[in-house]
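Take a slow walk through this fold with me, starting from a small hollow inside and working outward. Keep the structure open as you read.

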Amino acid sequence: MNTAALVLIAEDEPEIVDILKAYLHREGLRTAWAPDGRAALDMHQALKPDLLLLDVQMPHLDGWRVLSELRARSTTPVIMVTAHDQDIDKLMALRVGADDYVVKPFNPAEVAARVQAVLRRSRGQDAQPRDILRVGPMEIDLETFHARIERDGALQTLPLTLTEFRLLAHLARAPRRVFSRGELIAACLSSEGDRLERTVDSHVSKLRKKLEDAGLPGVPVSLRGVGYRLEDVA
């Protein structure tokens, strides 16, 4: 189980993102990348990161707008990143609700240290409860209906249908237990009409293919004549 903090990097320059990811991963942190302001808000809602590293100058929505909208709904720690070393910008960042401020060009090691410092300060604050299942590299968020797999220190969202998500979540609640087709039908496919045993086989097959494409081959495991189980996922 990986409980390392997740840092969402909102930055439109891929070269800078790659550098930040490398230094944050060295600190044992996970990362996700939002290439523009609108994506930053959407990914914050979906991923619920522990900290947002937010560039001021981005397409669609700039960093100030993102920070303002974010503060209307969340207390997630935010570090602003800008190319301007002006006192007015620093004051504006703090006034709108940023926790810290970094000026480009920056030392990436210093940014990583600032991220760790802000995370340490935020640990004493009450966090909103999250209903999340974690099995190996998989993270299954029962509140947002997102399933993600960690690869190379970053989170990859699985493109699951609602039924596939329900099957995965049900299996993940007891990874070593074998669930019969009848149990899966009752829990996940109760409104799918006739020939349900074939239907559950079809959904599991599609789920298995998507997990294999994400780097987890062979799961869920099929036990002939019995049902399915998730098994231990490495």
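The second largest cavity is lined by I9, A10, E11, L20, L53, D55 and V81. Its volume is about 40 Å³, and a search of the whole structure turns up 2 cavities of 30 Å³ or more. Two strands, β1 (6-10) and β3 (51-55), each give at least two residues to the lining of this second largest cavity. Sort the lining residues by class and you get 5 nonpolar, no polar and 2 charged.

Before going further, a word about what you're looking at: this is a predicted model. The protein chain has an average pLDDT of 85, with 86% of the residues scoring at least 70. Among the elements, β1 has the highest mean pLDDT, 97, while helix α4 (residues 87-96) has the lowest, 63. Over residues 125-129 the pLDDT stays under 50, and there the model has 1 contact beyond four places in sequence.

Now step back and take in the whole chain. There are 234 residues, and 47% of them count as buried. The secondary structure adds up to 8 helices and 12 strands. If you take the contacts between residues at least 6 apart in sequence, 57% of them join residues at least 24 apart.

What about the packing inside? The largest nonpolar core has 30 residues, and M138, I140, L158, L167, L168, L211 and L230 touch the most other members. Several elements each supply at least two residues of this core: strands β6 (132-135), β7 (138-141) and β8 (146-151), plus helices α6 (162-172), α7 (181-188) and α8 (196-213). The largest share, 6 residues, comes from α6. Another core lies apart from this one; it has 23 residues, including L6, M80, Y101 and L155.

To see how one core residue sits among its neighbors, find L211. Leaving aside residues up to four places away in sequence, L211 touches M138, I149, L158, L168, L216, V219 and P220.

Helix α6 deserves a look of its own. Mostly covered, it has 9 buried residues out of 11: T163, E164, F165, L167, L168, A169, H170, L171 and A172. R166 is also found in α6, but is R166 buried or exposed? It's partly exposed, because its relative accessible area is 40%. R166 and F145 are 21 residues apart in sequence, yet 8.5 Å apart in space from C-alpha to C-alpha.

Finally, the backbone has a few spots to zoom in on. You've met V219 and P220 as contacts of L211; the peptide bond from V219 to P220 is cis, with omega near -5°. P220 sits in the loop between α8 and β11 (221-223). A cis peptide bond also joins K104 and P105, where omega is about -5°. You'll find P105 in the loop between β5 (100-103) and α5 (108-122).

Two residues that aren't glycine have a positive phi: K48, near 50°, and H60, at about 70°. K48 is in the loop between α2 (37-47) and β3, and H60 is in the loop between β3 and α3 (63-71). With a relative accessible area of 24%, K48 is partly exposed. H60, at 68%, counts as exposed.

Key: Residues numbered from 1 in each chain as written. Predicted model: local features only at pLDDT ≥ 70, side-chain atom pairs only at ≥ 80, totals over all residues. Heavy atoms only, no water. 1 Å grid on protein atoms, 1.4 Å probe; cavity = no way out; pocket = protein on both sides within 12 Å on 5 of 7 lines; lining within 4 Å. Points joined across faces, edges and corners; volume = space filled by probe spheres on them. Helix = DSSP H or I, 4+ residues; strand = E, 2+ residues; numbered from the N terminus. Nonpolar A, V, L, I, M, F, W, Y, C, P; charged D, E, K, R; others polar. Core = buried A, V, L, I, M, F, W, Y, C linked by side-chain atoms within 4.5 Å. Buried < 20%, exposed > 50% of the residue type's maximum accessible area, 1.4 Å probe, protein only. Contact = heavy atoms within 4.5 Å. pLDDT = per-residue confidence, 0-100.
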